[in-house]
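The exercises below are to be worked with the sequence and the model open side by side. Each task is followed by a solution in steps.

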Amino acid sequence: MKNAAVQLVSLIALLALVGCAATTPTTPSATPVAQSKPDRPDWTMSEPDDEDGMKHFVGISAVYSTEQSARDNAFEKATERSVQFLGNFAKGKATRMAKNYGLKADTINETIGGRSFQEQVYGDMSRQLKAREWHYEIKSDGYLYFVLTQVPITVLDESIKNTFADAEKDARKKAKDAKTAAAKEQALNEAEFYNEMKNSGYMD
């Protein structure tokens, strides 16, 4: 009888220990577990060609401790990439056309590289750029995100036209306020140049 009582007490104690272990929550790892040899989609290495009236831009984040921060940064990088693309396109086109109006490329590039131009293009892109695909990798110190974005080519066209329309207005105002005939002629030449850039846009 005594042995049976001892066995019963031992069994109860054992069950109590098992119960405590079962209800004790496990603490998740504070750092992500790194992936080995992640399989990246082709678009992470090279932006796809234009397709169905869409232009594509890829954004790659820095490594962040949270997924949301990495995603936000990847999309921000894609937006910056689109602004850079439009700026380079506009500068290249402007440089080719400026000589037809007796203008120096430096003068035109100063306008295209200016804060007003960049802000307007950035605003257009940030509103219209959409994420199409995501890819992420888990590093030892956080998350790395890639995003493939797309934007209608018509948006690029409108953005270019709007920015050069504003530049044309500024040039015509400068011509109106000019103190000398030479300054007025220079400003009018700039206005005509920006008008042509506005009319041709991105798709012409």
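**Exercise 1. A residue in a helix**

Task: Locate D124 and decide whether D124 is buried or exposed.

Solution.
Step 1. The model is a predicted one. In it, D124 is part of helix α4.
Step 2. The relative accessibility of D124 is 12%. The cut-off for buried is under 20%, so D124 counts as buried.
Step 3. Neighbours within four places in sequence are set aside; D124 then has contacts with V155 and S159. S159 also appears in Exercise 3, among the residues of α5 that meet α2.

**Exercise 2. The packing of α2 and α4**

Task: Describe how α2 and α4 pack, and state which residues make the contact.

Solution.
Step 1. Helix α4 spans residues 115-128, and its axis is 9 Å from that of α2, at an angle of about 130°.
Step 2. Angles over 145 degrees would count as roughly antiparallel, and 65 to 115 as roughly perpendicular. An angle of about 130° falls in neither range, and α2 and α4 are therefore oblique to each other.
Step 3. The crossing of α2 past α4 is right-handed.
Step 4. On the α2 side the contact is formed by E76, T79, S82, V83, L86, G87 and A90; on the α4 side, by F117, Q118, V121, Y122, M125 and S126.
Step 5. Sorted by class, these residues are 7 nonpolar, 5 polar and 1 charged.

**Exercise 3. The packing of α2 and α5**

Task: Repeat the analysis for α2 and α5: what is the angle, and which residues meet?

Solution.
Step 1. Helix α2 covers residues 67-98 and helix α5 covers residues 153-177; their axes are 11 Å apart and the angle is about 60°.
Step 2. Roughly parallel requires an angle under 35 degrees, and roughly perpendicular 65 to 115. The angle of about 60° meets neither condition, and α2 and α5 are therefore oblique.
Step 3. The handedness of the crossing between α2 and α5 is right-handed.
Step 4. From α2 come F85, L86, F89 and A90, and they meet L156, S159, I160 and F164 of α5.
Step 5. This contact has 7 nonpolar residues, 1 polar residue and no charged ones.
Step 6. L86 and A90 of α2 take part here, and L86 and A90 are also listed in the contact with α4.

**Exercise 4. An unusual phi**

Task: Find where D52 lies and state what its phi is.

Solution.
Step 1. D52 sits in the loop that links α1 and β1.
Step 2. Its phi is near 50°, a positive value in a residue that is not glycine.
Step 3. Most residues other than glycine have a negative phi.
Step 4. D52 has a relative accessible area of 73%; exposed means over 50%, so D52 is exposed.

**Exercise 5. The whole chain and its confidence**

Task: Summarise the fold, then state which element has the lowest mean pLDDT.

Solution.
Step 1. The protein has 6 helices and 3 strands, in the order α-β-α-α-α-β-β-α-α along the sequence.
Step 2. Of the 204 residues, 33% are buried. Of the contacts between residues at least 6 apart in sequence, 71% join residues at least 24 apart.
Step 3. The mean pLDDT is 82, with 81% of residues at 70 or more.
Step 4. Helix α1 (residues 2-23) has the lowest mean among the elements, 43, and strand β1 (residues 54-60) the highest, 97.
Step 5. The pLDDT is below 50 over residues 1-9, a stretch with 0 contacts beyond near neighbours in sequence. Residues 11-29 are likewise below 50, with 0 such contacts.
Step 6. Where pLDDT is low, the predicted coordinates should not be read in detail.

Terms used: Residues are numbered from 1 along each chain as its sequence is written. This is a predicted model: local features need pLDDT of at least 70, side-chain atom pairs count only at pLDDT 80 or more; totals for chains, interfaces and linings use all residues. Side-chain values use heavy atoms; hydrogens and water are left out. Axes are lines fitted to C-alpha atoms, for helices over the stretch in contact, and angles run from 0 to 180 degrees between N-to-C directions. Helices (H or I, at least four residues) and strands (E, at least two) are DSSP runs, numbered from the N terminus. A crossing is left-handed if the near helix is turned anticlockwise from the far one by less than a right angle, and right-handed if clockwise. Contact means heavy atoms within 4.5 Å. Ala, Val, Leu, Ile, Met, Phe, Trp, Tyr, Cys and Pro count as nonpolar, Asp, Glu, Lys and Arg as charged, and the others, Gly among them, as polar. Buried means under 20% relative accessible area, exposed over 50%, partly exposed in between (1.4 Å probe, protein chains only). pLDDT is the predictor's confidence in each residue, from 0 to 100.
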